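User: Please take a close look at a single part of this protein and work through how it is placed, what it touches and what it shows to the outside. I would like one connected account rather than a list.

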Amino acid sequence: MILDQPLKKLFTSKSGRDSNAKSLLKSISWRIVGTIDTMIISYFVTGELVMAISIGSVEVFSKIILYYFHERAWESTPKAQANDTEKKYA
């Protein structure tokens, strides 16, 4: 409860959009999930735990960077406001 407002300010901008910090944290958390998935699949394909860990560790860094830029690109797209759709279809 004490950290609620400071964290909210860290993760949103004045325009109500996600902040860079939130996009970065989402990138990292998603990559952890994705890397575990990659390691599991790699293990089933290769049958070698060391190879699976190697594959997972190589792809983790490039995909964090790719996801961050992907997230920022989506965040920069215009978003429809609730009243925009009402005006369009009214």
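Analyst: A good place to enter is a short polar contact: a polar atom of the S42 side chain lies 2.7 Å from the backbone oxygen of T38. This is a predicted model, and every distance and area below is computed from it. S42 is located in helix α2, and that helix is the part examined here.

Helix α2 spans residues 20-46, a total of 27 residues, and its first and last C-alpha atoms are 37 Å apart, close to the 39 Å expected at 1.5 Å a residue. The protein around it has four helices and zero strands, which follow one another from the N terminus as α-α-α-α. Directly after α2 comes G47, whose phi is positive, near 75 degrees.

One set of residues in the helix is buried, namely S23, S27, R31, G34, T35, T38 and S42. The buried residues of α2 pack against α3, which covers 49-76. For the protein as a whole, 18% of its 90 residues count as buried.

Two serines from this set show what the packing looks like in atomic terms. S42 has a relative accessible area of 8%, and because the cut-off for buried is under 20%, S42 counts as buried. Once its neighbours within four places in sequence are left aside, S42 is in contact with G47, A52 and I55, so that G47, the residue with the positive phi that follows the helix, appears again among the contacts of S42. S23, also in helix α2, is buried at 0% relative accessibility. With residues up to four places away in sequence not counted, S23 touches Y68, E71 and R72. With R72 there is also a polar contact between side chains, at 2.7 Å.

The charged residues add a further set of links between the two helices. Side chains of opposite charge can pair when their charged atoms come close. In this model the count comes to three salt bridges. One of them joins K26 to E71, with the closest N and O atoms 3.0 Å apart. That pair links distant parts of the chain, K26 being in helix α2 and E71 in helix α3, 45 residues apart. The two partners are not equally covered: K26 is partly exposed, with a relative accessible area of 31%, whereas E71 is buried, at 10%. E71 is also one of the residues that S23 touches, so the salt bridge and the contacts of that serine share a residue, because E71 takes part in both.

A second salt bridge brings together the side chains of E59 and R31, at 2.8 Å from N to O. Here too the pair links distant parts of the chain, with E59 in helix α3 and R31 in helix α2, 28 residues apart. Both partners are buried, since the relative accessible area is 9% for E59 and 8% for R31. E59 meets K63 as well, in a salt bridge of 3.4 Å from N to O. K63 and E59 both lie in helix α3, four residues apart, about one turn of the helix, and K63, at 36% relative accessibility, counts as partly exposed. Taken together, R31, E59 and K63 are linked in a network of salt bridges.

The helix also contributes to the outer surface. A nonpolar surface patch of about 970 Å² is made by L24, L25, I28, I32, I36, I40, Y43, F44, L49 and I53. The elements that give two or more residues to this patch are α2 and α3, and the largest share, eight residues, comes from α2. F44, a patch member located in helix α2, has a relative accessible area of 67%; because this is over 50%, F44 counts as exposed. For context, the protein exposes about 7,200 Å², with carbon and sulfur atoms supplying 70% of it.

In summary, α2 has a set of buried residues, among them S23, R31 and S42, which pack against α3. Salt bridges join K26 to E71 and R31 to E59, and α2 supplies eight residues to the nonpolar patch. As a last remark on the whole chain, among contacts between residues at least 6 apart in sequence, 51% join residues at least 24 apart.

Notes. Residues numbered from 1 in each chain as written. Predicted model: local features only at pLDDT ≥ 70, side-chain atom pairs only at ≥ 80, totals over all residues. Heavy atoms only, no water. Expected span 1.5 Å × (residues − 1). Buried < 20%, exposed > 50% of the residue type's maximum accessible area, 1.4 Å probe, protein only. Contact = heavy atoms within 4.5 Å. Polar contact = N/O pair within 3.5 Å; in protein donor to acceptor, adjacent residues only side chain to side chain. Patch = residues over 30% accessible without salt bridge, like charges linked within 9 Å, V, L, I, M, F, W, Y side chains within 5 Å. Areas by Shrake-Rupley, 256 points an atom, 1.4 Å probe, with all protein chains shown as cover. Salt bridge = Lys/Arg side-chain N within 4 Å of Asp/Glu carboxyl O.
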